[in-house]
Structure formats: C-alpha cells, structure tokens
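Biologist: I'd like to learn how to read the contact between two chains. Can you take me through one?

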Amino acid sequence: MSQTASRLKLTRSDGVCQVEFADRKILDELCIAELQDELVRLVDGEAGVRLLLNFSNVDHLSSAALGMLLTINRRVQSGQGKLKLSDIKPQILEVFKITRLNKILDIHPDAATARATF
Amino acid sequence: MHELYDEKLDGPLRELEVKTDLVDAKTPESVILADVERCGFSEDAVFGIKLALEEAMTNAVRHGNRYDVHKKIKVRYAVTPKRVVIMIADEGPGFLPEHVPDCTQPEFLERPNGRGLMLIRAYMTHVSYNDAGNEVRMMKENDNLPT
C-alpha cells in the first residue's frame, strides 16, 4: 500500500513504514520545517512505529536536516518505536560522520538490510 | 584586503547583494557553483562548496540579520581554476566563533542545531572571520588540478 504526501512517499510492508523523499534537494532549509511536521504527524499517530527513512533520492542535506532527524529520532524512541536510515549516498554519509551523528542514528547501507534489523 | 583573498591570484571580486530571506539566500549558489564547475573542481569539492555556502547564507539570514528584511547580505566571490574565495557579510552585530560549542562533544552531540560552522570548516580549505564577526571568509583550493 502506498500514498503520496506533499514531500514524502510512504509505503508500508511487513509492519515497517518506509519513507522516501519526493524531491532530490528536499533537505534544504526551506523544506525542513514542513518535512518535520509531516514526519511528526506520522510518528505521533503510531505508537511503536518502525520507521525507515530511505535516502536514495537525496543528493543534498543541510545541517537543519540533521537537527530534524535527531528530533524525529527522539520522538520515535519516546513512542517506543525504532527509526532507521538507509541508502545514504557516500557524500551525504560523510556529513553524518563529520558531525558524528552516525553514532546516534541507526544507519544501514540499504533498505533490505535495515528492515532485517527491526 | 584580507588574508584569504589575493587579487593577483584570484582576480577581481564579483559581488551580489541578497535579501534577508531563505529563498533569496539561494541566489548566490547557482551563480557561484556554475563558475566552480566550469573551473573543473571535483564533484566532492562542488558538494562541499555548495554545503558550506548554504550553511553560511543560512547563518547570515537567521543569526546575523535575524530575518530582518530591512537588512542585506553582501556576497563577494572569486573563482579561478586554482581556488574559490567567498566572503559573506551580514548587517548583524557579529559573533565570536570560539563561543560556539563543539557539537561533536558528547554533551552537545544531540543538539538540534549548531552544526553549520563545523560543516563549513570541514569542507573549506580555510575559514576566517572579520574582527566584528559578521563576515565569514571561505576559501577552497581545487584538489582536482591536473599534475
């Protein structure tokens, strides 16, 4: 089952909610607040959510996006859920490493690997 | 003019004036990156310059001019095959970079913000500020020059 929100593409299978980003440059300053609102609504509406953020369509990421991801991560955890990230391009992954957020966020090379760890 | 810019090396500076809003703040990106790509910088370098530029412009809008639409942001830049120099000045009171916490330290690691300066420093070859702290000067050397 899939549905398209304004900036997110959601698919659900095997109890995992996978989110892909609709725009390659969506993770810039202008979009972050809207993205965060959408993701918070998604998370708050589902206790114990198993949420997978698939970054395969993301070419660019700002520091504001990193803050957004941390906020979502805390929100998911407070609802007894789990958040995983996958398919992050090498240049973007480097940003996570530089900021050491790869130590906090659960990052996997691809969606299949991430799903297997839920 | 200052330690990161050398007119003989970098050529004349081009200048853009940008409004204090996040939409207009993206204007310099397309102009500068077009020149950077034409000068043969690597894909990784272009990625880093783009990121540093966005972070610096966002800082000027948000922290420097505090979204005051009556204030402007001045962007000066020079792009050559050897390096790119970018200077971004806001009309705010300035700040002390050394007072910004290190967001990689455990006590600050999960803060929702404060990573922009770190990313600018990580991706640019040199970064400095004017005395007032309201102009950032960034330089990236081209590591893709043919040997």
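Modeller: Sure. Let's start with a term: a polar contact is a pair of N or O atoms within 3.5 Å, where, within protein, one must be able to donate a hydrogen and the other to accept it. Keep in mind that this is a predicted model. Here, 4 residue pairs are in polar contact between chain A and chain B, both residues at pLDDT 80 or more.

Biologist: Which elements of chain A supply at least two residues each to the side that touches chain B?

Modeller: That would be α1 (29–44), α2 (63–78) and α3 (90–98) of chain A. The largest share comes from α2(A), with 6 residues. Sorted by class, that side of chain A has 9 nonpolar, 7 polar and 7 charged residues.

Biologist: And how many salt bridges are there between chain A and chain B?

Modeller: For that you look for a side-chain nitrogen of Lys or Arg within 4 Å of a carboxyl oxygen of Asp or Glu. The count between the two chains is 1. A:R74 and B:E110 are the partners, with an N to O distance of 3.9 Å.

Biologist: How much area do chain A and chain B bury between them?

Modeller: About 2,000 Å², and 62% of it is on carbon and sulfur atoms. Chain A puts 23 residues into the contact, and chain B puts in 23 residues.

Biologist: What about chain A itself, how do its elements run from the N terminus on?

Modeller: The order is β-β-β-α-β-α-β-α-β-α, which gives chain A 4 helices and 6 strands. Of its 118 residues, 52% count as buried.

Key: Residues numbered from 1 in each chain as written. Chains lettered and ligands numbered in written order. Predicted model: local features only at pLDDT ≥ 70, side-chain atom pairs only at ≥ 80, totals over all residues. Heavy atoms only, no water. Contact = heavy atoms within 4.5 Å. Buried area = accessible area lost by both parts, 1.4 Å probe. Polar contact = N/O pair within 3.5 Å; in protein donor to acceptor, adjacent residues only side chain to side chain. Nonpolar A, V, L, I, M, F, W, Y, C, P; charged D, E, K, R; others polar. Buried < 20%, exposed > 50% of the residue type's maximum accessible area, 1.4 Å probe, protein only.
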